[in-house]
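Biologist: Got a minute to go through the charged and aromatic contacts in this one? I'll just fire questions as they come.

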Amino acid sequence: MCGIVGYLGDKPCIPLIYDGLTKLEYRGYDSAGIAVAQEGRVALAKSEGKLERLKSHLKDLPASATMGIGHTRWATHGAPNTINSHPHSAGDFAIVHNGIIENYLELKEELEAEGIKFYTETDSEVAMQYLRAQYNKLGSLEEAIKKSVKVFRGSYAIGILDPKQNNFLYVIKHGSPVVIGIGDNECFFASDAPAIVAHTQKAIFLNDGEFARISKDNIKVWDFDGKASAFRIAELSWSSEAADKQGYRHFMLKEMHEQPVVIQKAIARLIDVHTGDFNEAALGIDQINLEGIKNINIIGCGSAYHAGQIAKYFLEPLLGLPVTVELASEFRYRDPYIRDTTLTLAISQSGETLDTLTAVKFCLENKSQVLALCNVEYSSIVRAATSTCYMHAGPEIGVASTKAFTLQVFCLYAVGLAIAKKIGRLKDNDLKAILNDLRVFPNMIEQALAGKEAIELVAQKFYETTNFLFVGRGLHAPVASEGALKLKEISYVFAEAYAGGELKHGPIALVDKKMAVLAIVPSDFYFEKMVSNVEEIKAREGRIVVVGDNASPRLRNLSEAFIHCPQIATPALQAILTTVPLQLFAYFMALKRGTDVDQPRNLAKSVTVE
């Protein structure tokens with residue numbers, strides 16, 4: 001959600017902090033600000049809107065300042081305006097905050113009773129004033145932090161700027177991500193690695209329940225009880241170039257075009273297509289005890305949830321085990337059946353999704369083994385899980401997931417194949433056919449991307465449409481859900497997805513000559529059934545866009561617009577392949593409608609609050 005950046009060193013800090021914030025724009029935000037230390041006081045510049053609006057205010061800050069903090073805010077409490085934007089400061093003390101202080105109202109009442117005035121609607125100002133009040137009472141910022149974290153409820157990462165301590169910045173972690181970067185006589189902190197990789201590859205990832213004191217040449221970390229914590233310096237694997245557009249108009253377009261390469265690398269890393277051997281360590285199953293597993297539980301949010309729904313279709317027949325797929329945001333509030341015989345698969349691109357992280361902790365407490373599928377090393381879910389299958393997709397900056405989604409589905413399939421082979425359920429002939437398809441699969445994704453000009457023409461025809469139904473069957477029912485989500489996210493067109501067979505059970509009442517319906521009709525087991533569904537829509541004058549095989553003139557005759565998708569025999573791979581034209585369709589619809597493709601309104605890349 002919110003992005004935070006801090007810097008302490010010998011260089012002017014304002015351009016470094018501003019640049020770090022630009023690298024976190026993908027997280028989603030509606031206001032921004034920077035605070036720096038100046039002669040024992042805080043100098044502050046804030047603005048609602050995008051960073052470009054903040055830039056004109058930076059001239060009011062002392063250019064020579066070498067210590068400061070910055071923030072991009074995604075509003076939770078209080079309107080997205082300049083007053084509520086971060087950093088929050090009382091003149092001699094400032095913080096930036098990512099997360100939510102759930103008990104802020106009762107803390108605010110306590111502070112107001114002590115005569116402290118508030119100027120914003122935010123929970124973050126409450127956190128700032130509480131920390132400052134404890135600091136004034138106790139005379140030590142470390143003691144104030146220890147006192148405050150015992151009182152704060154919720155999830156948060158808080159960076160603290162105290163101009164009276166010119167040699168130190170402080171950062172606190174509880175539920176929201178924090179990375180500390182170690183440079184040459186300088187240090188950084190941020191909510192995500194892209195903010196610092198241009199300056200250092202050495203990083204410390206704080207654990208929940210820790211806070212750190214940062215100086216130019218030293219880091220000290222304590223737990224919330226004040227006990228010194230050991231930490232490890234990790235080497236970041238992402239490059240600053242990986243977080244650039246590299247000539248593409250949008251990050252989303254770049255990331256779609258990276259899919260053949262990242263899939264090819266994943267195949268090479270996880271499966272030997274010549275021998276059929278699986279890299280169990282890279283898949284994370286080498287640390288999972290499969291003996292006695294009786295059911296599989298998949299948890300995720302948004303696109304990760306759709307990846308899990310697709311996986312259910314291939315994992316159950318592969319493994320002969322019941323598979324449930326849960327929305328992590330709902331899972332934590334009911335009493336799910338999780339035992340030591342349950343294997344949980346937790347899916348999160350960032351590894352920081354709060355709902356998924358909390359669900360992971362619940363599963364572990366109930367003795368379930370947890371295999372995480374994540375894209376970010378050292379992330380919170382990775383560190384909590386029993387084992388991890390890393391996707392290695394590289395940074396995904398566009399808020400709407402593309403390459404991370406396809407990698408999630410592919411890695412889930414590879415995990416399923418490897419376990420099926422390990423427990424003796426994967427026949428040699430079946431594996432041989434899959435390996436043959438894997439050899440050509442990256443090229444087929446290239447072919448799907450090559451159809452973008454034709455897809456742009458379809459978007460040109462439909463971009464003024466305000467409602468869409470997406471329909472599919474089998475694995476392509478959740479693929480339809482993912483396609484509808486992409487369209488909603490970036491073009492702001494209302495889109496809903498249904499399994500094809502469900503149309504006649506209610507949704508077909510919506511179909512008339514104004515309703516657009518995108519039907520996914522691959523040449524698979526469900527082909528005839530889906531054609532019948534398309535004919536039902538045609539009979540009611542629905543405007544039909546078909547995504548399917550060029551070889552079907554029948555489908556072309558039924559559709560108002562046709563989007564070709566290459567066909568492959570392995571159903572799980574076809575599901576991945578079909579998502580590519582859906583991504584392109586959403587992209588061109590957004591382009592035609594003039595929306596913000598990479599940073600759609602109200603959305604954030606990493607959802608670290610509930």
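Modeller: Sure, let's start with a network of salt bridges: it links Lys-173, Asp-208 and Lys-361. Keep in mind that this is a predicted model.

Biologist: Fair enough. What's the mean pLDDT of the protein?

Modeller: The mean is 92, and 98% of the residues reach 70 or more. Among the elements, strand E18 (residues 369–374) has the highest mean pLDDT, 98, while helix H18 (residues 553–558) has the lowest, 84.

Biologist: Back to charges. How many salt bridges does the count come to?

Modeller: The count comes to 26 salt bridges. One of them joins Lys-486 and Glu-489, with the closest N and O atoms 3.2 Å apart.

Biologist: How are those two, Lys-486 and Glu-489, placed in helix H16?

Modeller: They're three residues apart in helix H16 (residues 476–491), so about one helical turn separates Lys-486 from Glu-489.

Biologist: And are Lys-486 and Glu-489 buried or exposed?

Modeller: Both Lys-486 and Glu-489 are buried.

Biologist: OK, what does Arg-554 form a salt bridge with?

Modeller: With Glu-535, where the closest N and O atoms are 3.5 Å apart. Arg-554 is in helix H18 and Glu-535 in helix H17 (residues 527–539), so this pair ties together parts 19 residues apart in sequence. Arg-554 counts as partly exposed because its relative accessibility is 37%, and Glu-535 is partly exposed too, at 35%.

Biologist: Which side chain meets Glu-560 in a salt bridge?

Modeller: That's Arg-543, at 2.7 Å from N to O. This pair links distant parts of the chain, 17 residues apart: Arg-543 is in strand E23 (residues 543–548), and Glu-560 is in the loop between H18 and strand E24 (561–564). Glu-560 is partly exposed, with a relative accessible area of 33%.

Biologist: Switching to rings. How many aromatic pairs does a search of the whole structure find?

Modeller: It finds 13 aromatic pairs. Take Phe-93 and Tyr-135: the ring centres are 6.0 Å apart and the planes are at 50 degrees, so the pair is tilted. Phe-93 sits in the loop between strand E5 (88–89) and strand E6 (94–101), and Tyr-135 belongs to helix H4 (residues 123–138), 42 residues apart. Phe-93 and Tyr-135 are buried.

Biologist: Which residues form one aromatic cluster?

Modeller: Phe-462, Phe-468, Phe-470 and Phe-585 do.

Biologist: Last one: where does the charged end of Arg-601 sit?

Modeller: Over the ring of Tyr-492, 3.9 Å from its centre. Arg-213 also lies over a ring face, that of Phe-168, at 4.2 Å from the ring centre.

Terms used
Residues numbered from 1 in each chain as written. Predicted model: local features only at pLDDT ≥ 70, side-chain atom pairs only at ≥ 80, totals over all residues. Heavy atoms only, no water. pLDDT = per-residue confidence, 0-100. Helix = DSSP H or I, 4+ residues; strand = E, 2+ residues; numbered from the N terminus. Salt bridge = Lys/Arg side-chain N within 4 Å of Asp/Glu carboxyl O. Buried < 20%, exposed > 50% of the residue type's maximum accessible area, 1.4 Å probe, protein only. Phe/Tyr/Trp six-rings, centres within 6.5 Å; stacked < 30°, edge-to-face > 60°. Lys NZ or Arg CZ within 6 Å of the ring centre and 35° of its normal.
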